[in-house]
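Thanks for coming. I will go through one chain this morning, starting with a single helix and then moving out to the whole.

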Amino acid sequence: MKITLRKIILFYFTIITGISSCFRNDLNPEDNRDIPAIAKYFSTKGRYEEVNPYLIEDIFAVNRSMLQPPSAECREIHLTAIIRHGTRYPTTKNVKKMQKLYDLVRSSNPSKKSWLRELQTQWTMWYTEDMDGRLVQKGVNDHKHLAVRLSKLFPSLISEEKLRGGFIKFITSSKHRCVNSTLSFKAGLTEHWNIKDMEFDHAVNDALMRFFDTCTRFVEEVDNNPSAMTEVDMFKQGPEMRRVQQKIADHLNISYSLITDDMAEAAFYLCAYEFAIKTVNSPWCRLFDEVDAQVLEYANDLKHFWKRGYGYDINSKSSCILFHDVFSRLDKVVEENKSGQQVAEAVTVQVGHAETLLPLLTLLGFFKDSETLTSTNFATQAHRSFRTSLMLPYAANLLLVLYDCGGGNLRLQPLLNEKSVTFPGLTDRASMPLYRDVLEHYKDLLQGCDFETECQLFKQPVEV
């Protein structure tokens, strides 16, 4: 059979372009009509696939090239994975807001716009209050698929042998969506390896995964304190949000006064939930253009900034207990490895909430902008680092990978949502610094950051 040079070139070109396209994050989901043009602004209601668009083509695709140890001698000895639950139904609180908006749309004057007529006459309110944040099938798949991808990324750690041997530990929040996400992650592994003769336990630990509930100072000074959200409230009453509300009212041909900021948010959530849960580009999405979506994303970012992020010191300090749990485990692995023992806990999978991850990311210094997010600087914050749409989609994950590179040379690599990130303030081989440099960088937190002390409602003055 005669093979021409042109065919050979075409064959290799196909292979090369196929490989490179697997991990392209510049693939434009907006070219796909099934994906809302505003999907990348859905904040904590967004799909994991919008953060890693290559997964739209292949949900099991991984990119091991981002794991770049400084020498071939380096080997992975431990992985801690702190993971948010998968895609869920709206909470009861949001269902009530959505119901009010739906009733208003149904009662508004019949529209000539086909998409709006569809909302008025064909779309039915199928969300019910008893759904209350429960995991959906897409959320089950989020964690099953993530489990398989992590086993491909770290095959020496997440292996059938390690799972059967009890070297992979699972910890979860008590919330049903977290427990079911943990079960889904385990199912992803057992189905991948066709394990049918064993079951694997998990531990429920709210002290670690829902620390915010028991941090009294956080609960009193921030969570239950309306004045703590002043910047958020001011933005919701500001010109940017008011214009979004007016545009929705114009679409519906109703009085501006009938569309509240809660209703604008409810419409945005309806668009987001329909897409995240059912992969439907809903007519609800037609109520917004890109600028509207950016405004609503900023409103959500403001809320998370002031309630869980850099807005108040106690937000991050409430995660001290989880911070110490992570580093005490890493220290134990270091000691076991140094003494030649087998590492008892090769992998720790901890499943929690966006409210679990964000305070810890903040404590570690990630995504800190030079300018504080406020109600008045929306326009200047277009290129901010603090974007929950990128940080905290469903199944968001912080991975900490410990490497032994020989000669007592241990390195720690952080990954967020399967992408390499750098510890803020560390410059030498920042994507995989020496473990001792990480300890030195965070020594003040390691020596302090006591959960009980930080979370006291009335902290005692420090004696000089």
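Let us begin at helix H10, whose buried residues pack against three other helices: H14 (290-307), H15 (313-317) and H21 (451-454). H10 itself covers residues 216-223, and its buried members are Arg-217, Phe-218, Val-219 and Val-222. One general reminder on helices: with 3.6 residues a turn in an α-helix, residues three or four places apart point the same way. I should also say now that this is a predicted model, so please keep that in mind for everything that follows.

Next, the aromatic rings. The count of aromatic pairs is 23. Phe-305 and Trp-306 make one of them, in an edge-to-face arrangement, with 5.5 Å from centre to centre and 70° between the planes. Phe-305 and Trp-306 are both buried. Trp-306 also pairs with Tyr-312, again edge-to-face, at 5.4 Å between centres and with the planes at 65°.

Is each partner in that second pair buried or partly exposed? Trp-306 has a relative accessibility of 13%, and therefore counts as buried, since the cut-off is under 20%. Tyr-312 has 28%, so Tyr-312 counts as partly exposed.

Elsewhere in the chain there is a cluster of rings. Which residues belong to that cluster? Ring pairs join Phe-323, Phe-327, Phe-366, Phe-367, Phe-423 and Tyr-442.

Now the chain as a whole. The secondary structure consists of 21 helices and seven strands. Along the principal axes, the C-alpha trace spans about 90 × 75 × 45 Å. The radius of gyration is 24 Å, and a compact globule of 464 residues would have a value near 23 Å, so the two agree.

On burial, 55% of the 464 residues count as buried. As for contacts with a separation of 6 or more, 78% of them are between residues 24 or more positions apart.

Last, the surface and the charges. The chain exposes about 21,400 Å², and carbon and sulfur atoms supply 50% of that area. There are 56 positive and 59 negative charges in the chain. How far apart are the mean positions of the positive and negative charges? They are 6 Å apart.

To go back to where we started: H10 has Arg-217 among its buried residues, along with Phe-218, Val-219 and Val-222, and the buried residues of H10 pack against H14, H15 and H21. That is all I have for today.

Terms used
Residues are numbered from 1 along each chain as its sequence is written. This is a predicted model: local features need pLDDT of at least 70, side-chain atom pairs count only at pLDDT 80 or more; totals for chains, interfaces and linings use all residues. Side-chain values use heavy atoms; hydrogens and water are left out. Helices (H or I, at least four residues) and strands (E, at least two) are DSSP runs, numbered from the N terminus. The radius of gyration is taken over C-alpha atoms; the globule rule is 2.2 Å times the number of residues to the power 0.38. Buried means under 20% relative accessible area, exposed over 50%, partly exposed in between (1.4 Å probe, protein chains only). Contact means heavy atoms within 4.5 Å. Accessible areas come from the Shrake-Rupley method with a 1.4 Å probe; for residues, only the protein chains shown count as cover. Lys and Arg count as positive and Asp and Glu as negative; His and the chain ends are not counted. The place of a charge is taken as NZ of Lys, CZ of Arg, CG of Asp or CD of Glu. Rings of Phe, Tyr and Trp (its six-membered ring) pair if their centres lie within 6.5 Å; planes under 30 degrees apart count as stacked, over 60 as edge-to-face and the rest as tilted.
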